[in-house]
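Good morning, everyone, and thank you for making the time. Today I would like to walk slowly through one protein chain and the empty spaces inside it, so please keep the picture in view while I talk.

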Amino acid sequence: MGPRDHVVALAQPTPVELATRVRLFRTDCGFGIGILRRRAQRFDDLDSGSPEDTYRRLLEAVLDTAQDAVLVTLAEPLDAPGPLILFANQSLLDQTGYHLHELLGRSPRLFQGPKTCRETTARLRRAMDQWQPSRMQVLNYRRDGQTCWIDLKVAPMADTNGWYTHWVSVQRDVSDRVAHEQRLASEALSLAERLNAGVPMG
């Protein structure tokens, strides 16, 4: 049914840190657990609002109004079952047909399929291994099995100490543009064949 969040008392609490919040989520290999945050508040006040919560909700609202699809994963592991999805905006859900609970804790590899170019995904992996941003065009699959061409931009995101903690991807559906380019290329090839065969034009 999707991820579940739990507040857990610390074994050795301090006057300002009594508990932590963890998230249990499904992955392609079973289940996982992640620490969401620690709160310098009373244990019975962990669910109250805070400036951090307000900022997070505002940021999510802004991202949900964006036309481009946005996906955030953990930085590592890159090998299966990672990188694990932590956030997807509404545009990505609309683009792929998935519900949010079906994506959280899973890998973006679920968007790949039989016709996804392995050379393209290998090039993306090489860039990620070197913590380099990358941009490419890739054939992805929606939840219903239909294919769509995606203009994909991926970049690492570092914390205040300079450690890479997440990957952020921005993707735009360019299926109509690719179909138009393929149609023009097909018409150009057909015209060239007719010219080479001496077929009169007009």
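Before I name any residues, let me say what I mean by a cavity: it is a set of grid points where a 1.4 Å probe fits but cannot get out, and the residues that line it are those with an atom within 4 Å of such a point. Rolling a probe the size of a water molecule over the atoms shows where empty space is left. Please also bear in mind that what you see is a predicted model.

With that definition in hand, we can turn to the cavities, of which there are two of 30 Å³ or more. The largest cavity has a volume of about 40 Å³, and the residues that line it are R23, F25, L84, I85, L86, L104 and G105. Two elements, β2 (17-27) and β5 (85-88), give two or more residues each to this lining. If we sort the lining of the largest cavity by residue type, we find five nonpolar residues, one polar and one charged.

The second largest cavity holds about 30 Å³ of space, and around it we find Q95, T96, F111, N140, Y141, R142, C148, I150 and Q171. Here the elements that give two or more residues are α2 (90-96), β6 and β7. The lining of the second largest cavity divides into four nonpolar residues, four polar and one charged.

Let me stay for a moment with one residue of that second lining, T96, which lies in helix α2. Is T96 buried or exposed? Its relative accessible area is 5%, and because a residue counts as buried when that value is under 20%, T96 is buried. Leaving aside the neighbours within four places in sequence, T96 is in contact with F111, R142 and R143, and of these, F111 and R142 are also among the residues that line the second largest cavity.

Now we move from closed spaces to an open one, the second largest pocket, which has a volume of about 460 Å³. It is lined by 23 residues, and those closest to its centre are P108, R109, Q112, L124 and M128. Which element gives the most to this lining? It is α4, with five residues, while the elements that each supply at least two residues include β4 (69-74), β6 (134-141), β7 (147-158) and β8 (164-173), along with α4 (118-129) itself. By type, the lining of the second largest pocket has 13 nonpolar residues, eight polar and two charged.

Finally, let us step back to the whole chain, which has five helices and eight strands and, read along the sequence, follows the pattern β-β-β-α-β-β-α-α-α-β-β-β-α. Of its 202 residues, 32% count as buried, and the chain exposes about 13,000 Å², with carbon and sulfur atoms supplying 55% of that area. Among contacts between residues at least 6 apart in sequence, 41% join residues at least 24 apart.

I will end with helix α5, residues 175-196, where we can make a small check: at 1.5 Å a residue, its 22 residues should span 32 Å, and the C-alpha atoms at its ends are 31 Å apart, which agrees. Just after α5 comes G198, which takes a positive phi of about 75°.

Definitions and conventions. Residues are numbered from 1 along each chain as its sequence is written. This is a predicted model: local features need pLDDT of at least 70, side-chain atom pairs count only at pLDDT 80 or more; totals for chains, interfaces and linings use all residues. Side-chain values use heavy atoms; hydrogens and water are left out. On a 1 Å grid over the protein atoms alone, a cavity is a set of points where a 1.4 Å probe fits but cannot get out, and a pocket is an open set with protein on both sides within 12 Å along at least five of seven lines; lining residues have an atom within 4 Å of a point. Grid points are joined across faces, edges and corners, and a volume is the space filled by probe spheres set on the points. Helices (H or I, at least four residues) and strands (E, at least two) are DSSP runs, numbered from the N terminus. Ala, Val, Leu, Ile, Met, Phe, Trp, Tyr, Cys and Pro count as nonpolar, Asp, Glu, Lys and Arg as charged, and the others, Gly among them, as polar. Buried means under 20% relative accessible area, exposed over 50%, partly exposed in between (1.4 Å probe, protein chains only). Contact means heavy atoms within 4.5 Å. Accessible areas come from the Shrake-Rupley method with a 1.4 Å probe; for residues, only the protein chains shown count as cover. The expected span of a helix is 1.5 Å times one less than its number of residues.
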